[in-house]
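Student: Let's zoom in on a single part of this one. Pick a spot in the sheet and follow the contacts outward from there, with numbers, please.

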Amino acid sequence: MEKVSKKYIFFIILLSFLILVAIFLIVYLLGGIKENSENFRNQKKSFVETEAKARNLKRFQGCFQKYYPSIEKTENLFVEPETPIDFIEFLEEKGSNSHLSFEISSMDFQKPLKGSEPFIKFQLLLAGAFPDFLKFLEKIEASHYPLEVQSISVNKLSPKEKQVFLEDINAALSIKLYTKNKEF
C-alpha cells in the first residue's frame, strides 16, 4: 500500500507541477497576446491616421492647383516694404489725374507687432478743388492695394489764399499700406 500511495503522491505532485507549468504558460502566452494585440491596435490606428493625412494632402494638392492663380494674384497685391515704387507711382498718377497738387511728406515703415501685419504709413499733402480731392480719395480707396485711410484733415483756403494759390483746399491724408510679410 505504501507503494501505491507513493505512486499517487508522485502522480499528484507531477500533475500539480504540470498544471502549474500549464497555468504559467497560459498566463505568459496571454500576456504576450495581449501586448501584441495592443501593438497591433496602435499600428492600425497609426495607419488609419496616416491614410487620412495622405487623403487630406491629396485633396489639398487638388485645391491648391485650383486656387493657385487666386493666391498668386493676392500675393501680388502686397508691395515690397523696401520698395513701394508702384504704389507711389499709383498715388502720383491718381493725384495728377484728379488735378491736385500732390506731395508725400513722409513715409514710415512700421515693423509689425507679433500677430499683426506689416505696413508703411504715408503722409500726403494735397491741394486743389474739394470735388477733385473727393475723387482722388474714392480712387485710392477703390484701388487693388490693401490700404486703410487713417486720417483726413481738410482746410478751406481764405479768399486771399485762393487768389494766390489758385486752389480751394489744403488736405493732409494719412494712409496705412499693408506690405508683404518677409517672415514667409
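Tutor: Let's start at Q150, which, once neighbours within four places in sequence are set aside, is in contact with K121, S174 and K176. Bear in mind that this is a predicted model. Q150 belongs to strand β3, and because its relative accessibility is 35%, Q150 counts as partly exposed. For a sense of scale, take Q150 and F102: 48 residues separate them along the chain, and their C-alpha atoms are 18 Å apart.

Now follow that contact list to S174, a residue of strand β4. S174 comes out at 4% relative accessibility, so it counts as buried. With neighbours within four places in sequence left out, S174 is in contact with F122, Q123, E148, V149, Q150 and S151. Q150 is on that list, just as S174 is on the list for Q150.

The other β4 thread to pull is the pairing with β2. Those two strands run antiparallel to each other, over 10 bridges. One of the bridge pairs puts I120 opposite L177 in β4. As for cover, seven of the 10 residues in β2 are buried, which leaves the strand mostly covered.

One step along from S174 you hit I175, and here the contacts fan out. Ignoring neighbours within four places in sequence, I175 is in contact with F87, L91, I120, K121, F122, L124, I140, L147 and E148. I175 also shows up in the largest nonpolar core, a set of 20 residues: along with F87, L91, F136, I140 and L173, I175 touches the most other members. The elements that give two or more residues to this core are α2, β2, α3 and β4. β4 supplies the largest share, five residues.

F87 is worth a detour, as it leads into the rings. The structure holds eight aromatic pairs. F87 and F122 make one of them, a tilted pair with 5.1 Å from centre to centre and 50° between the planes. F87 sits in helix α2 and F122 in strand β2, so this pair ties together parts that are 35 residues apart in sequence. Both partners, F87 and F122, are buried. Another tilted pair is F90 with Y145, at 5.2 Å centre to centre and 55° between the planes. F90 is again from helix α2, while Y145 is in the loop between α3 and β3, so the pair bridges parts that are 55 residues apart in sequence. F90 and Y145 are buried as well. Put the four together and you get a cluster: F87, F90, F122 and Y145 are linked by ring pairs.

Back to the third name on the list for Q150, which was K176. K176 lies over the face of F119, and the distance to the ring centre is 4.4 Å. F119 then takes us to T179, which touches F78, V79, P81, F109, P118, F119 and I120 when residues up to four places away in sequence are not counted. T179 lies in the segment after β4. With a relative accessible area of 2%, T179 is buried, since anything under 20% counts that way.

For contrast, here are two spots away from that trail. H99 is in the loop between α2 and β1, and because its relative accessibility is 62%, H99 counts as exposed. The phi of H99 is near 60°, a positive value in a residue other than glycine. Most residues other than glycine have a negative phi. Then there's C63 in helix α1, which is partly exposed because its relative accessibility is 35%. C63 and S37 are 26 residues apart along the chain, with 39 Å between their C-alpha atoms.

Last, how far to trust the coordinates. The chain has a mean pLDDT of 83, and 90% of its residues reach 70 or more. Confidence peaks in helix α3, at a mean of 91, and bottoms out in helix α4, residues 159–165, at 68. Where pLDDT is low, the predicted coordinates should not be read in detail.

Methods:
Residues are numbered from 1 along each chain as its sequence is written. This is a predicted model: local features need pLDDT of at least 70, side-chain atom pairs count only at pLDDT 80 or more; totals for chains, interfaces and linings use all residues. Side-chain values use heavy atoms; hydrogens and water are left out. pLDDT is the predictor's confidence in each residue, from 0 to 100. Helices (H or I, at least four residues) and strands (E, at least two) are DSSP runs, numbered from the N terminus. Rings of Phe, Tyr and Trp (its six-membered ring) pair if their centres lie within 6.5 Å; planes under 30 degrees apart count as stacked, over 60 as edge-to-face and the rest as tilted. Buried means under 20% relative accessible area, exposed over 50%, partly exposed in between (1.4 Å probe, protein chains only). A charge sits over a ring if NZ of Lys or CZ of Arg is within 6 Å of the ring centre and within 35 degrees of the ring normal. A nonpolar core is a set of buried Ala, Val, Leu, Ile, Met, Phe, Trp, Tyr and Cys residues joined through side-chain atoms within 4.5 Å. Contact means heavy atoms within 4.5 Å. Two strands pair if DSSP finds at least two bridges between them.
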